[in-house]
Amino acid sequence: MSIEAIHVTKTFGNYIALNDVSLRVDDGELVALLGPSGSGKTTLMRIIAGLEQPDDDGRGEIHFHGEDVADRRIGERNVGFVFQHYALFKHMSVFENIAFGLRVRPRRLRPSKLEIHDKVMRLLKLIQLDGLGNRYPSQLSGGQRQRVALARALAVEPRVLLLDEPFGALDARVRKDLRDWLRRLHDELRMTTVLVTHDQEEALEVADRVVVMNQSKIEQVGSPSEVFHHPASQFVMSFLGHVNVFQGRFAKGRPEFDAVGGHDATMLFVRPHELSIQRELNGIPSIAAVVSRIHHAGAMAKVFLEVEDGEPIQVELSLDQFDELALVLGETVFVSAKKARVFAADYAI
C-alpha cells in the first residue's frame, strides 16, 4: 500500500506545523520521519492516519495506493498505530490485548473465536512471546510490552503501520535490540511502515529511506547512506552526528583551514572521522591544537582538542591509529582534513 502526501500544509492558529510538504512512501517500504521536536514529523504522520486534516486550502491531499482518502475517517483508513507509551490494557492479559481489535469489530466482520485464537497465537510467535499469552502487562519488561503493542496493531491487518517514537521510553540496550528485531520483522512482513523518531541512529539503522525534517519542511529524502554521506544542507549534516566547523577554503581540491579568513574563505564542515592528527607539520594544510581529553572505551577512539582561540575539535581514530600515536593530554598536535563539505550558498563569508 503506497502513501502519498501532496502539498500538505497544516497550521494551528498562527503556528505553521507543516509548510507545503509532499512525500511518497512506496508499497512495502519502511520510511523514517526524522527531525527535532517541532519539525512537523508527528503532524505529518497524524495527517496520514486521519487524526488531523490538512488546511482547507484546496491543495493538500493524502492518497493511499492512488486513492484520495481525505474524506475517510481514521477507522476507514485501516492503519495500525504503535506509540511511545504502550497504552496496553492493564486489566487484560497479553492474549486479550492482542485480540482486542478483532473482538470489537462489528459482528458481520468479526472472526470466529477459533480464528481469533489462531491469529493471536501466530502473532505471539511472530513477536517471540509465545508462551506468555496469559501474563499481564505489569509482568512484562518494557521491550516485551512494546512488542505486544506492535502485535495488537498487526492483528487487524492494517494496510499501513504507523510507529510514533515506539522505542523512546526504553533504555539504550533494549532500543538497540528492538530496532534489530523490527527490521527483521519488516523484512518478513513487507508492510508499508512510517516511523517517527528523533533518534538519528534509529532512523539510519532501520529505515529504507530517511526523511529529514526541520522547521515544518522536508530538508532531504534519501537512503540512510545518502543522507549521512551526502547531506543536502548544513542542518542535515549537523543533525546526523557530530560535525566540526572550520573557517577555510579549498585549494587544489584539498580543504585548508584559515584562522584569518579572506574574500574566498567559507565554512568547512568536517565529520570527526574525516580528520587526521599528526605530531609534526608534514606539508599538508593543518591547524595546531592541544589535546584536552581522550575517550577510547569504544570501537573508535575520540580525541577532543582545542585550538588557540579555545574552539573545540573532535577527532575519531581507529584504535590502531590511536595506539600508534600514543597521544598525551596537553600536547600540541596538528589536525588536517581528509574531506570537507561546503554549503556556500548559506555559509560563505
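How many bridges join strand β11 to β12? Keep that question in mind while you get your bearings; this tour will come to the two strands shortly. The model you have open is predicted.

**The whole protein**

Start with everything shown as a cartoon. You are looking at eleven helices and 19 strands. The C-alpha trace spans about 80 × 50 × 30 Å along its principal axes. Of the 349 residues, 49% are buried. Now switch on a surface: about 17500 Å² is exposed, and carbon and sulfur atoms supply 50% of that area. Among contacts with a separation of 6 or more, 66% are between residues 24 or more positions apart.

**The β11–β12 hairpin**

Select residues 244–251, which are strand β11, and residues 254–257, which are β12. Here is the reply to the opening question: four bridges join the two strands, and they run antiparallel. Together they form a hairpin with two residues between them. Click on Lys-252 in the turn, where phi is positive at about 55°. Next, find Arg-249, which stands opposite Glu-256 in β12.

Show the side chains of β12. Pro-255 and Phe-257 make up its covered face, while Arg-254 and Glu-256 make up the uncovered one. In a regular strand, side chains alternate between the two faces of the sheet.

**Into helix α6**

Now select residues 172–189, helix α6. If you draw a distance between its end C-alpha atoms, you should find 26 Å; this agrees with the expected span of 26 Å, because the helix has 18 residues at 1.5 Å a residue.

Just ahead of this helix, pick Asp-171, in the loop between β7 and α6. Is Asp-171 buried, partly exposed or exposed? Asp-171 has a relative accessible area of 47%, so it counts as partly exposed. Its side chain reaches two backbone nitrogens: that of Arg-173 at 3.3 Å, and that of Val-174 at 3.0 Å. For a wider view, add Val-210: it is 39 residues from Asp-171 along the chain, and their C-alpha atoms are separated by 23 Å.

Return to α6 and colour its buried residues: Leu-178, Arg-179, Trp-181, Leu-182, Arg-183, Leu-185 and His-186. They pack against several elements, including α4 (113–126), α5 (142–155) and β8 (193–197). Just past the end of α6, Arg-190 takes a positive phi of about 55°.

**The nonpolar cores**

Nonpolar side chains tend to be buried together in soluble globular proteins. To see the largest nonpolar core here, select Ile-98, Leu-124, Ile-127, Val-148, Leu-150 and Leu-154; of its 46 residues, these touch the most other members. Helix α5 gives the most to this core, with seven residues.

Zoom in on Ile-127. Leaving aside neighbours within four places in sequence, which residues is Ile-127 in contact with? They are Ile-98, Arg-147, Val-148, Ala-151 and Trp-181. You have met Trp-181 already, among the buried residues of α6.

Apart from the largest core lies another, of 26 residues; select Val-8, Val-21, Val-69 and Leu-162 to see some of them.

**Last stop: helix α1**

Finish with residues 41–49, helix α1. This helix is mostly covered, with seven of its nine residues buried. Light up Lys-41, Thr-43, Leu-44, Met-45, Ile-47, Ile-48 and Ala-49 to see the buried ones. Step on to Gly-50, just after α1, which takes a positive phi of about 100°.

Note on methods:
Residues are numbered from 1 along each chain as its sequence is written. This is a predicted model: local features need pLDDT of at least 70, side-chain atom pairs count only at pLDDT 80 or more; totals for chains, interfaces and linings use all residues. Side-chain values use heavy atoms; hydrogens and water are left out. Buried means under 20% relative accessible area, exposed over 50%, partly exposed in between (1.4 Å probe, protein chains only). Two strands pair if DSSP finds at least two bridges between them. The expected span of a helix is 1.5 Å times one less than its number of residues. Contact means heavy atoms within 4.5 Å. Accessible areas come from the Shrake-Rupley method with a 1.4 Å probe; for residues, only the protein chains shown count as cover. A nonpolar core is a set of buried Ala, Val, Leu, Ile, Met, Phe, Trp, Tyr and Cys residues joined through side-chain atoms within 4.5 Å. A polar contact is a pair of N or O atoms within 3.5 Å; within protein, one must be able to donate a hydrogen and the other to accept it, and residues adjacent in sequence count only if both atoms are side-chain atoms.
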